[in-house]
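Here are a few friendly notes to read alongside the structure. They go through its pockets and then turn to a single residue.

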Amino acid sequence: MFHRSERLLLRPFWPEDWGAVFKGIADEAIVRHLASAPWPYEAEHAQAFVALPAELHFPRLAITLADGGALIGCIGIDPGDAGADLGYWIARPHWGRGYGTEAGRAMREIARMLGHTRLTASHFIDNPASGRVLQKIGFAPTGVRRERASLGRGAAAMTVEYALDLVAEDSVMQRAA
């Protein structure tokens, strides 16, 4: 699955992407905000990550710059308790440029196309920038805060949960048209 936005191309991972994944994510400031990435993040972790089988209804895509192809992050949806759970990371040199928001909007379109009706997401409470990105994409806080395990931290940490009802969003867009 491929998706082109204004500045980004979201695409499947290829085996040779492991080096770019490793270079982008092997940063404690990134890994500490992810639930499933271990710290220290080693080359073997990146190799195993890009080798994971693709799942049609739960895509995991490389975020690349459309004008040059550089891999700058990852975005995906996983099965969640109340729908599909969105997760992403952006390499530190690309922070603050709106790439997370742009990739998130693209993944929202992909989720809708795949038939998902609800997306959920969360961020660790000490990462409010991720919450701002989620709100720009259309997510709303659910009011739920809970501890979540973090391999990167080696312990659980408090998260803030968000949700996006794609069916309600569709009906609002239809009424506006």
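1. In this predicted model, 50 residues line the largest pocket. Nearest to the centre of that pocket lie His-33, Leu-34, Gly-87, Tyr-88 and Trp-89. Many elements take part: helix 1 (18-25), helix 2 (28-31), helix 3 (43-51), helix 4 (99-113) and helix 5 (128-137) each give two or more residues to the lining, and so do strand 4 (71-80), strand 5 (83-90) and strand 6 (118-124).

2. The volume of the largest pocket comes to about 1,300 Å³. As for the character of its lining, 28 residues are nonpolar, 15 are polar and 7 are charged.

3. Next, please look at the second largest pocket, with a volume of about 270 Å³. It has 15 lining residues, and those closest to its centre are Asp-81, Asp-85, Thr-120, Arg-146 and Glu-161. Two or more residues of this lining come from each of strand 4, strand 6, strand 7 (140-150) and strand 8 (155-165). By type, the lining of the second largest pocket holds 5 nonpolar, 4 polar and 6 charged residues.

4. One residue to find for yourself is Thr-101, which sits in helix 4. Is Thr-101 buried or exposed? Thr-101 counts as buried because its relative accessibility is 8%, and buried means under 20%.

5. Which residues does Thr-101 touch, leaving aside those up to four places away in sequence? Its contacts are Val-133, Lys-136 and Ile-137.

Notes:
Residues are numbered from 1 along each chain as its sequence is written. This is a predicted model: local features need pLDDT of at least 70, side-chain atom pairs count only at pLDDT 80 or more; totals for chains, interfaces and linings use all residues. Side-chain values use heavy atoms; hydrogens and water are left out. On a 1 Å grid over the protein atoms alone, a cavity is a set of points where a 1.4 Å probe fits but cannot get out, and a pocket is an open set with protein on both sides within 12 Å along at least five of seven lines; lining residues have an atom within 4 Å of a point. Grid points are joined across faces, edges and corners, and a volume is the space filled by probe spheres set on the points. Helices (H or I, at least four residues) and strands (E, at least two) are DSSP runs, numbered from the N terminus. Ala, Val, Leu, Ile, Met, Phe, Trp, Tyr, Cys and Pro count as nonpolar, Asp, Glu, Lys and Arg as charged, and the others, Gly among them, as polar. Buried means under 20% relative accessible area, exposed over 50%, partly exposed in between (1.4 Å probe, protein chains only). Contact means heavy atoms within 4.5 Å.
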